[in-house]
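Q: I'm new to this structure and would like a close look at a single part. Could you pick one spot, walk me through it, and then work outward to its surroundings?

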Amino acid sequence: MINDVIAIIQDYWLLLLIGQYPNGPLGGLANTLILSALSIMLAFPVAILLALARLSKWRLLRWPVTALVYITRGVPLLMLILWSYFLVPLWTGADVPSFVTMLTTLVVYQGAFLSEVVRAGIVALGSGQMDAARALGHSSLGAMRFIILPQALYNMIPSIISTFVSTIKDTTLGYVINVPDLTFAASQVNNQLLTQPFQVFLILAVVYYAICWSLTHVANIVERRITRRRAGLSGGAAPVALVPAKIISEQL
Amino acid sequence: MNGFDLWAILRNPEYTAMLLHGIEMTFVIYIGSWLLAMTLALLLLCIRFSPLRFGDRAVAAYVSYHRNVPTLVQLMLWYFGIFTLFPPGLTSWLAAHNAETIFAVIGLGLCQAAYFSEDLRSGLRSVSPGQMEAAKALGHSYVSAMRFVVMPQGVRNALPPLINHSVSLFKNSSLAIVIGASELTHAVKEVENLSFRTFEIYLVGTVLYLFFSLLIMGAGAYLSMRADPARSARA
């Protein structure tokens with residue numbers, strides 16, 4: 001059993017790592033990480049805009065965004081992937097690679113989830129900050145830009161890391177539309193070997209576990225540090241409650 | 001391919017039968033895995049609170065594995081991997097009895113048990129130890145204090161994350177399509193292949209999922225309100 005696993009890793013480590021890269025599209029673990037990193041980077045500005053829209057006093061801005069957040073919370077990611085697989089080529093009129101389809105879906109999906117995190121971060125800050133900034137002569141937007149968001153976003157770093165972890169887990173769903181990621185590479189290996197499916201998928205699970213576990217670990221360390229720092233800043237008072245990352249972030 | 005025509009799908013008895021079957025299978029998977037997950041979560045909780053050092057570690061490892069490996073990969077490991085290691089007699093019996101659905105229930109249920117047990121644990125931990133001591137001082141035994149004093153408060157605290165995760169479980173039931181279970185997403189894909197009305201059938205599928213998810217969220221909100229009317233009124 002162990003020998004089988006070692007043999008598979010020796011034969012296929014390059015395929016699992018970068019897919020068929022020099023001869024074909026980039027795939028494997030590298031593609032999984034690039035896809036997750038890109039989608040979280042693009043989802044972040046989207047999330048801030050959505051959160052500001054949800055906190056806005058104009059109903060015209062608030063209602064459609066609230067609806068979008070509820071739709072993304074109530075519909076499986078798989079269904080959204082099917083939608084973009086159908087709609088993105090229709091709108092752009094071009095042959096879109098599945099990587100781009102998956103990226104679009106993840107930006108919308110994680111953008112909606114992150115917007116809840118951003119919103120919670122802003123609300124958790126309390127209204128005193130905004131009142132004080134307004135009293136000092138900041139405009140509403142200026143106060144948001146220079147006072148509220150810097151603090152809220154700093155407190156949210158752990159939640160952002162956990163969203164990154166769930167994005168990594170979400171990229172596995174790209175398997176359905178043949179995005180060449182780690183899961184895809186593993187099933188290719190399985191199709192070539194045919195006889196050792198358990199060993200192949202065990203390797204796959206272990207790789208995902210190693211990545212997600214270490215990132216979660218980093219998130220916990222950062223969270224503790226931020227809690228301590230905030231406690232220090234507020235003169236040794238009880239640590240202010242952070243954004244409840246684990247409740248909001250989606251599991252997959 | 002004509003214009004938008006929802007009735008072409010909803011008035012076609014063949015398509016509606018497929019969709020209804022899909023909904024039925026989605027609920028079989030959802031309810032089956034929910035019950036499995038809750039039972040297992042309570043069991044894991046008992047092990048966690050028992051004085052055994054080893055049991056605590058084992059449960060922590062179980063939770064860590066199921067939270068850090070994508071659910072899809074867990075399902076694939078079950079269906080494509082572990083399934084092949086079963087004795088041949090059991091394999092053929094399972095294959096004759098809807099193995100996809102059974103493994104979807106097992107995979108999703110075991111995964112969700114990790115989330116449920118953590119929700120319950122953090123709910124119980126938020127009940128202050130003074131509650132237990134006070135209950136004992138009033139003459140309750142450990143079990144009866146747990147049953148009448150600690151548990152009701154703990155479960156109430158755990159309700160919001162439990163509801164969130166119940167909704168996620170419902171959404172995750174769509175992952176069963178990857179191992180070939182014939183649930184709602186599968187039915188949507190099938191109708192799409194037959195009717196070529198992609199937009200309409202995706203719309204129907206999305207609305208169905210949204211409806212049931214909102215129903216679960218609403219039921220959860222009602223339950224929280226019933227469990228603690230005072231706090232819900234304040235919130």
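A: Sure, let's start at A:Phe201. Setting aside residues up to four places away in sequence, A:Phe201 touches A:Ala186, B:Val73, B:Met76, B:Leu77, B:Phe80 and B:Gly81. Keep in mind that this is a predicted model, and everything below is read from it.

Now step back a little. A:Phe201 is among the residues with the most contacts inside the largest nonpolar core, along with A:Leu78, A:Val118, A:Leu204 and B:Val73. You've met B:Val73 already, as one of the residues that A:Phe201 touches. The core itself has 111 residues, and helix 5 of chain A gives the most to it, with 14 residues. As a bit of background, in soluble globular proteins nonpolar side chains tend to be buried together.

So what about the other side of this spot, chain B? The contact between the chains takes 35 residues from chain B and 31 residues from chain A. On the side of chain B that touches chain A, the elements giving two or more residues are helix 3 (53-68), helix 4 (71-85), helix 8 (142-172) and helix 10 (198-227) of chain B. Helix 4 of chain B gives the most, with ten residues. Sorted by class, that side of chain B has 19 nonpolar, 15 polar and one charged residues.

Back to helix 5 of chain A, the one that gives the most to the core. This helix covers residues 98-124, which is 27 residues, and it reaches 38 Å from its first C-alpha to its last, close to the 39 Å expected at 1.5 Å a residue. Helix 5 of chain A is mostly covered, with 24 of its 27 residues buried. Just after the helix, A:Gly126 takes a positive phi of about 90°.

Helix 5 of chain A also has a packing partner to look at. It packs with helix 7 (residues 140-155) of chain A at an angle of about 115°, with their axes 9 Å apart, and the crossing is right-handed. From helix 5 of chain A, the contact uses A:Val118, A:Gly121 and A:Ile122, and from helix 7 of chain A it uses A:Ile148, A:Ala152 and A:Asn155. By class, that makes four nonpolar, two polar and no charged residues. A:Val118 is worth a second glance, since it is also listed among the residues with the most contacts inside the core.

Finally, here's the wider setting on the chain B side. Chain B has eleven helices and zero strands, and its C-alpha trace spans about 75 × 50 × 25 Å along its principal axes. Buried residues make up 37% of its 235 residues. Among contacts in chain B between residues at least 6 apart in sequence, 78% join residues at least 24 apart.

Two loops in chain B have a backbone detail you might like to find. B:Asn98 has a positive phi of about 60° although it is not a glycine, and it lies in the loop between helix 5 (88-96) and helix 6 (99-125) of chain B. B:Asn98 is partly exposed, with 15 other C-beta atoms within 10 Å. B:Phe196 also has a positive phi of about 60° without being a glycine, and it lies in the loop between helix 9 (184-195) and helix 10 of chain B. B:Phe196 counts as exposed because it has 11 other C-beta atoms within 10 Å, where the cut-off for exposed is 12 or fewer.

Definitions and conventions: Residues numbered from 1 in each chain as written. Chains lettered and ligands numbered in written order. Predicted model: local features only at pLDDT ≥ 70, side-chain atom pairs only at ≥ 80, totals over all residues. Helix = DSSP H or I, 4+ residues; strand = E, 2+ residues; numbered from the N terminus. Expected span 1.5 Å × (residues − 1). Buried ≥ 20, exposed ≤ 12 C-beta atoms within 10 Å, placed from the backbone. Contact = placed C-beta atoms within 7 Å. Nonpolar A, V, L, I, M, F, W, Y, C, P; charged D, E, K, R; others polar. Core = buried A, V, L, I, M, F, W, Y, C linked by C-beta atoms within 7 Å. Axes fitted to C-alpha atoms, helices over the stretch in contact; angles between N-to-C directions. Left-handed = near helix turned anticlockwise from the far one by under 90°.
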